[in-house]
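Student: Could you walk me through this one while I have it open on my screen? I'd like to hop between topics as they come up.

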2 protein chains.
Amino acid sequence: MDTLETRELRYFVTVAEELHFSRAAERLGIAQPPLSRAIQQLERRLGVTLLDRDRRGVALTDAGRVLLDEARVLLDSAAAAARRTQRAAAGPNRLTLATKAGANHELLRRLLDAHGAEPDAAEIEVVLCGMGDQARMLRDGRADVAFMQRPFDALAGFDTEELLTEQQVAILPAEHPLAARSSLTLADIADVPDLPVARWPSQDGTYEPGRGPEIHDLSQLAQLIALGHASAVLCASSRSWLWSAHAAVPLTDAPHVTTVLAWPAHSRSQAVARLVKTAVDL
Amino acid sequence: MDTLETRELRYFVTVAEELHFSRAAERLGIAQPPLSRAIQQLERRLGVTLLDRDRRGVALTDAGRVLLDEARVLLDSAAAAARRTQRAAAGPNRLTLATKAGANHELLRRLLDAHGAEPDAAEIEVVLCGMGDQARMLRDGRADVAFMQRPFDALAGFDTEELLTEQQVAILPAEHPLAARSSLTLADIADVPDLPVARWPSQDGTYEPGRGPEIHDLSQLAQLIALGHASAVLCASSRSWLWSAHAAVPLTDAPHVTTVLAWPAHSRSQAVARLVKTAVDL
DNA sequence: GGCTGTGATACCTGGGCGGTATCAGCGCAG
DNA sequence: CTGCGCTGATACCGCCCAGGTATCACAGCC
């Protein structure tokens, strides 16, 4: 029947991305004829036409699109497997935990303290990464577990354990009139002319159009708010790092944020299991 | 660095399962020396010792155990990718939906009706499978979506959409004294001497020890209950197929059951997306 | 009609996969 | 202690196939 070789998948993905055999061959560092042949073999083995080569170029068939998606995650998973194996060899009882700036420090600290107190606790290396990077780090095997937040982070494909649900708050300059209010709504802060809501980059690093300043960093944000040039919406635990120039006002209509511990769905690691157990008992 | 070839992974998994090079080679249909060499190559490429070969046998190292887990899901995923590609080629706008006997018929029917009414709806093939088989069918690419139930089915690694939450009920012979009650608890039915609770097989097909009759089939169960030889705990929608000789009594303390629509987390299929959208709007 | 650029075909070469034969360590029966 | 049996490792060889070069067939286009 089948058994897709990873070499063939690598070749196919490159051709599917370039839609051009010669360029794909160049990217792969091989000549074009062997590449053509490899793709033909793959098609023959599967009994499926993956690419339509007619005049003026190459196009993916429906089946080709399916295989492209599948092959991408397969290759990523293979690279991840290699990394995880190497990490397991490097330190038998070590874990890498990915989190992001702005996640709940207190909670993480409590988790690490509790886990550290257990017998034969794994040594935990905490990696701070950018806003949507924890998912990537879990997926590509550079991290074993991650602190993530619903509904912000994409949790598809991970196992998760809910740790804490909290309200969101508006972070405002302390001297701004709105800061005196005991609660606010999203509408209240959405269109304040002198206080635009700061904008975070989306997954791909670009910014949605909008008025607020483009932010990529919490300290940047803190600075801007302290200067009275921006507001932001963050989860309530952010209060822990606020300056005296900041004020936090609960938002009544913003969705609640749940901090979760996430790990690859198929993980059978003892160390991960122990950490999760500690987290559940917290 | 790396790029694990699937051939190597296949070899490694077999050796790790047999813990014996010669037997593994036999299972793989090759001679022992090339197998030894392939494993050595894999270890050298990763820079990791996967197997301890000392006197009297072969043992997995920690890293080897990690790679074994990873490799198994990788190989399964590869086989799944091949199947999905072939299915996509066979019928471009077809979906296979896996469900189990005992799942909510009404709900499925409503979903299929609603979806069928949409423009360019996918043709949906419904596959009935055994109790825990939907997860396997999703994982190995024989199904695109599945009807599953929380907390019974393992949903790790899938994306899900909740469809309906319902109470569980005890199914009893109609003439049994307990059948007259308006509600029951799990304790009420747990130890009725003449009415043991039927036992379902677990994932691996074996039965937990216990008193109740071993069941593998809904019609079998229905028969046994009608005869007055067993009781069962099922979700409330099971009422739809009850016989007149059956009675259903709500259980106040059994966990609620949520029927979910599940699909592989990385699926980008348009057809799946449309079906899910229909389900959400239901 | 050349010219350019596409992917496919033909054919050759070499590395690597798989084969056989054999070795080296260890346990064990005697 | 010694030979035997069993393990996995090593040595070496042959052949297949991945990859290279050269070329073709076909399309668009000045």
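Tutor: What follows goes through the contact between the chains, then cysteines, backbone oddities and salt bridges. Please keep in mind that this is a predicted model.

Student: OK, the interface, then: how many residues does each chain put into the contact?

Tutor: Chain A gives 36 residues to the contact, and chain B likewise gives 36 residues. The area buried between chain A and chain B comes to about 3200 Å², and carbon and sulfur atoms account for 65% of that area.

Student: And which three residues of chain A supply more of its buried area than any other three?

Tutor: Those are Glu70(A), Thr85(A) and Gln86(A), which supply 16% of the area that chain A buries against chain B.

Student: How many salt bridges are there between chain A and chain B?

Tutor: The count is four salt bridges between chain A and chain B. One of the salt bridges pairs Arg84(B) with Glu70(A), and there the closest N and O atoms are 2.7 Å apart. Eight residue pairs are also found in polar contact across the interface of chain A and chain B.

Student: Which helix gives the most to the side of chain A that touches chain B?

Tutor: Helix H1 (6-18) and helix H4 (62-90) of chain A each supply at least two residues of the side that touches chain B, and H4(A) gives the most, with 18 residues. Sorted by class, that side of chain A has 19 nonpolar, seven polar and ten charged residues.

Student: Switching topic, how many disulfides are there over all chains?

Tutor: A search of the whole structure finds zero disulfides over all chains. Cys235(A), for example, is in no disulfide, and the nearest cysteine sulfur, that of Cys129(A), is 15 Å away.

Student: Why no bond for Cys235(B)?

Tutor: Because the closest cysteine sulfur to that of Cys235(B), in Cys129(B), is 15 Å from it, which is too far for a bond.

Student: And is Cys235(B) buried or exposed?

Tutor: Cys235(B) counts as buried, at 4% relative accessibility, and Cys235(A) counts as buried too, at 5% relative accessibility.

Student: Now the backbone: which residues does a cis peptide bond join in chain A?

Tutor: A cis peptide bond joins Arg150(A) and Pro151(A), with omega at about 0°, and Pro151(A) sits in the loop between strand S5 (145-150) and strand S6 (158-166) of chain A. In chain B, Arg150(B) and Pro151(B) are joined by a cis peptide bond with omega at about 5°, and Pro151(B) lies in the loop between strand S5 (145-150) and strand S6 (158-166) of chain B.

Student: What about phi of Leu19(A)?

Tutor: Leu19(A) is a residue other than glycine, yet its phi is positive, near 50°. Leu19(A) is placed in the loop between H1 and helix H2 (21-28) of chain A, and at 34% relative accessibility Leu19(A) counts as partly exposed. Asp120(A), which is not a glycine, also has a positive phi, of about 35°, and is found in the loop between helix H5 (105-116) and strand S4 (123-129) of chain A.

Student: What does the side chain of Asp120(A) meet in a salt bridge?

Tutor: The side chain of Asp120(A) meets that of Arg274(A) in a salt bridge, at 3.9 Å from N to O. The pair links distant parts of the chain, since Arg274(A) is in helix H9 (residues 270-281) and the two residues are 154 residues apart. Asp120(A) is exposed, with a relative accessible area of 54%, whereas Arg274(A) is partly exposed, at 28%.

Student: Then the pair Lys100(A) and Asp153(A): buried or exposed?

Tutor: Both Lys100(A) and Asp153(A) are buried. They form a salt bridge whose closest N and O atoms are 3.2 Å apart. Lys100(A) is in strand S3 (residues 94-100) and Asp153(A) in the loop between S5 and S6 of chain A, 53 residues apart.

Student: Last one, how many salt bridges does the structure hold over all chains?

Tutor: The structure holds 42 salt bridges over all chains. In chain A, Glu17(A), Glu18(A), Arg23(A), Arg27(A) and Arg72(A) are linked in a network of salt bridges. In chain B, Arg27(B) forms a salt bridge with Glu18(B), with the closest N and O atoms 2.8 Å apart; Arg27(B) is partly exposed, with a relative accessible area of 49%, and Glu18(B) counts as partly exposed at 21%.

Terms used:
Residues are numbered from 1 along each chain as its sequence is written. Chains are lettered from A and ligands numbered from 1 in the order in which they are written. This is a predicted model: local features need pLDDT of at least 70, side-chain atom pairs count only at pLDDT 80 or more; totals for chains, interfaces and linings use all residues. Side-chain values use heavy atoms; hydrogens and water are left out. Contact means heavy atoms within 4.5 Å. Buried area is the accessible area (1.4 Å probe) that two parts lose on being put together, summed over both. A polar contact is a pair of N or O atoms within 3.5 Å; within protein, one must be able to donate a hydrogen and the other to accept it, and residues adjacent in sequence count only if both atoms are side-chain atoms. Helices (H or I, at least four residues) and strands (E, at least two) are DSSP runs, numbered from the N terminus. Ala, Val, Leu, Ile, Met, Phe, Trp, Tyr, Cys and Pro count as nonpolar, Asp, Glu, Lys and Arg as charged, and the others, Gly among them, as polar. A disulfide is a pair of cysteine sulfur atoms within 2.5 Å. Buried means under 20% relative accessible area, exposed over 50%, partly exposed in between (1.4 Å probe, protein chains only).
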